[in-house]
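Have a look at the model below and keep it open while you read. We'll walk through its charged contacts, then its pockets, then its aromatic rings.

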Amino acid sequence: MPQIDGIISFLDSRSFGTIWYWLVVIGMWSVSGRNIIGVPVEILIRAHRAMSRDEMDGPAVISLLDWLSLTLPRWQLSRREGSIFLGVTVFLMTSLAGLGFGHDLEMAQALTLLLLPFLILFWMRVRLAYRLTPLLQNQEADRQLEPIAKEAIRRMIWHRRLVTVLSILAVAITAMWGVLWSLMHPNGM
């Protein structure tokens with residue numbers, strides 16, 4: 001039986017006291033910061049540098065607009081889809097938070113602290129896509145690249161900054177709550 005006990009202790013269901021939970025938290029936030037609505041950050045950085053050098057018709061800016069034209073349709077939600085998704089996620093998150101914080105279940109608390117910021121991030125991305133779509137449609141109709149590219153780059157950079165702030169806050173709040181939980185439950189009970 002020592003082998004089974006070793007496996008069970010290796011895959012402990014406690015969350016705040018295990019390394020696996022913290023690896024998931026850090027891993028998910030590091031992966032989510034590598035792109036903005038499907039556009040790699042490197043593409044945005046190159047386009048921003050080209051914009052600062054007044055090369056608005058260069059390959060970096062065109063590459064960014066191409067990426068946007070490919071990824072933006074994936075982020076479009078109709079009102080019905082958005083309402084259903086919002087209703088289901090609010091119900092699930094409220095249930096999870098109620099189980100975690102109302103009934104003092106550690107795993108539900110950990111999942112709430114992990115998933116809630118990602119739901120906020122999801123809606124931030126949907127909102128950014130909603131704001132960038134008319135810009136790309138104007139670009140296809142008007143063929144004026146410079147003002148549309150500048151506005152798209154500006155909005156994407158602000159979105160990236162907000163995601164950075166959200167990730168810092170999410171990890172800090174999760175870490176503080178994990179420490180508080182560990183202090184209140186020293187034996188994991």
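Why are E151 and R154 separated by about one helical turn? The two residues sit three residues apart in helix α7, which means about one turn of that helix lies between them. Bear in mind that this is a predicted model. In it, E151 and R154 form a salt bridge, with their closest N and O atoms 2.5 Å apart.

E151 has another partner as well: R155, in a salt bridge where the closest N and O atoms are 2.8 Å apart. Here the spacing is four residues, again within helix α7 and again about one turn of the helix. Put the two contacts together and you get a network of salt bridges linking E151, R154 and R155. How accessible are the arginines? R154 has 42% relative accessibility, so it counts as partly exposed. R155, at 24%, is partly exposed too.

Searching the whole structure turns up three salt bridges. Besides the two that E151 makes, there is one between the side chains of K150 and E146, at 3.3 Å from N to O. Helix α7 covers residues 145-184, and because K150 and E146 are four residues apart in it, they are about one helical turn from each other. K150 is partly exposed at 34% relative accessibility, and E146 is partly exposed at 40%.

Now for the empty space. Rolling a probe the size of a water molecule over the atoms shows where such space is left. The second largest pocket is a good place to start, since R154 and R155 from the salt-bridge network are part of its lining. This pocket holds about 200 Å³ of space. M124, R127, L128, R131, W158, H159 and L162 are also among its lining residues. Helices α6 and α7 each supply at least two of the lining residues, and α7 gives the most, with five. By type, the lining divides into four nonpolar, one polar and four charged residues. While you're at W158, notice R161: its charged end sits over the W158 ring, 5.3 Å from the ring centre.

The largest pocket has a volume of about 250 Å³. Its lining includes W75, R79, W123, V126, R127 and Y130, and R127 also appears in the lining of the second largest pocket. Helices α5 (79-102) and α6 (106-142) each contribute at least two residues, with α6 giving the most, four. The lining is made up of five nonpolar, four polar and two charged residues.

That leaves the aromatic rings. A pair of them is described by the distance of the centres and the angle of the planes. The whole structure has 10 aromatic pairs. One of them is F16 with W22: the ring centres are 6.4 Å apart and the planes are at 40 degrees, so this pair is tilted. F16 is buried, with a relative accessible area of 5%, whereas W22 is partly exposed at 21%. The rings of W29 and F118 make a stacked pair, because their planes are at 25 degrees, with centres 4.3 Å apart. W29 lies in helix α2 (residues 19-32) and F118 in helix α6, so this pair ties together parts that are 89 residues apart in sequence. Both residues of the W29 and F118 pair are buried. Finally, F16 and W22 join Y21 and W181 in one aromatic cluster.

Technical notes: Residues numbered from 1 in each chain as written. Predicted model: local features only at pLDDT ≥ 70, side-chain atom pairs only at ≥ 80, totals over all residues. Heavy atoms only, no water. Salt bridge = Lys/Arg side-chain N within 4 Å of Asp/Glu carboxyl O. Buried < 20%, exposed > 50% of the residue type's maximum accessible area, 1.4 Å probe, protein only. 1 Å grid on protein atoms, 1.4 Å probe; cavity = no way out; pocket = protein on both sides within 12 Å on 5 of 7 lines; lining within 4 Å. Points joined across faces, edges and corners; volume = space filled by probe spheres on them. Nonpolar A, V, L, I, M, F, W, Y, C, P; charged D, E, K, R; others polar. Phe/Tyr/Trp six-rings, centres within 6.5 Å; stacked < 30°, edge-to-face > 60°. Lys NZ or Arg CZ within 6 Å of the ring centre and 35° of its normal.
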